[in-house]
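Reader: Hi! I'm a first-year student, and I'd like a close look at one part of this model. Could you walk me through the charged pairs and what surrounds them?

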Amino acid sequence: ASIVDRRAYDTAIDKAAFPDAASETFWSSTRYESLFGDAYNAAWVVSFTSGGWGDQAVSRLFRVRCVR
């Protein structure tokens with residue numbers, strides 16, 4: 001299960017469950033393990049604009065959403 005709604009764009013989240021959700025990028029709690037060693041201090045992020053995901057340097061400022 002996922003809170004990302006891949007059928008939606010520009011708020012790719014279940015609007016019934018999160019009616020006031022921001023269409024922005026949010027941190028995951030999972031650190032990104034680089035193939036190039038520990039020099040890249042990063043974690044996974046999820047974009048609730050597009051529903052995509054990727055890694056970003058932990059020095060970047062993004063929102064956090066608590067889910068269980």
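Reader: To start, how many salt bridges does the count come to?

Author: Happy to help! This is a predicted model, in which local features need pLDDT of at least 70 and side-chain atom pairs count only at pLDDT 80 or more, while totals for chains, interfaces and linings use all residues. Residues are numbered from 1 along each chain as its sequence is written, and side-chain values use heavy atoms, with hydrogens and water left out.

The count comes to two salt bridges, where a salt bridge is a side-chain nitrogen of Lys or Arg within 4 Å of a carboxyl oxygen of Asp or Glu.

Let's take the pair of Arg-63 and Glu-24. Their side chains meet in a salt bridge, at 2.8 Å from N to O. Arg-63 lies in the segment after strand E3 (53-57) and Glu-24 in the segment before E1, so the pair ties together parts that are 39 residues apart in sequence. Strands (E, at least two residues) are DSSP runs, numbered from the N terminus. Arg-63 is partly exposed, with a relative accessible area of 42%, and Glu-24 is also partly exposed, at 34%. Here buried means under 20% relative accessible area, exposed means over 50%, and partly exposed is in between, using a 1.4 Å probe and protein chains only.

The other pair is Arg-7 and Asp-5, whose closest N and O atoms are 3.2 Å apart. Arg-7 counts as exposed because its relative accessibility is 77%, whereas Asp-5, at 17%, counts as buried.

Now follow Glu-24 to one of its contacts. Leaving aside neighbours within four places in sequence, Ser-47 is in contact (heavy atoms within 4.5 Å) with Glu-24, Thr-25 and Gly-52. Ser-47 belongs to strand E2, which covers residues 42-47. With 15% relative accessibility, Ser-47 is buried. Its side chain also reaches the backbone nitrogen of Thr-49 at 3.2 Å. That fits the rule for a polar contact, a pair of N or O atoms within 3.5 Å; within protein, one must be able to donate a hydrogen and the other to accept it, and residues adjacent in sequence count only if both atoms are side-chain atoms.

Next comes the largest pocket, with a volume of about 220 Å³. On a 1 Å grid over the protein atoms alone, a pocket is an open set of points where a 1.4 Å probe fits, with protein on both sides within 12 Å along at least five of seven lines, and lining residues have an atom within 4 Å of a point. Grid points are joined across faces, edges and corners, and the volume is the space filled by probe spheres set on the points. Among the lining residues are Ile-3, Trp-27, Val-46 and Arg-65. E1 gives the most to this lining, with four residues. By class, the lining has seven nonpolar, two polar and one charged residues. Ala, Val, Leu, Ile, Met, Phe, Trp, Tyr, Cys and Pro count as nonpolar, Asp, Glu, Lys and Arg as charged, and the others, Gly among them, as polar.

Ile-3 leads us on to Ala-17: the two are 14 residues apart in sequence and 8.4 Å apart in space, C-alpha to C-alpha. Ala-17 sits in the segment before E1 and is partly exposed, at 48%.

Asp-10 is also found in the segment before strand E1 (25-32), and its phi is near 60 degrees, a positive value in a residue other than glycine. Most residues other than glycine have a negative phi.
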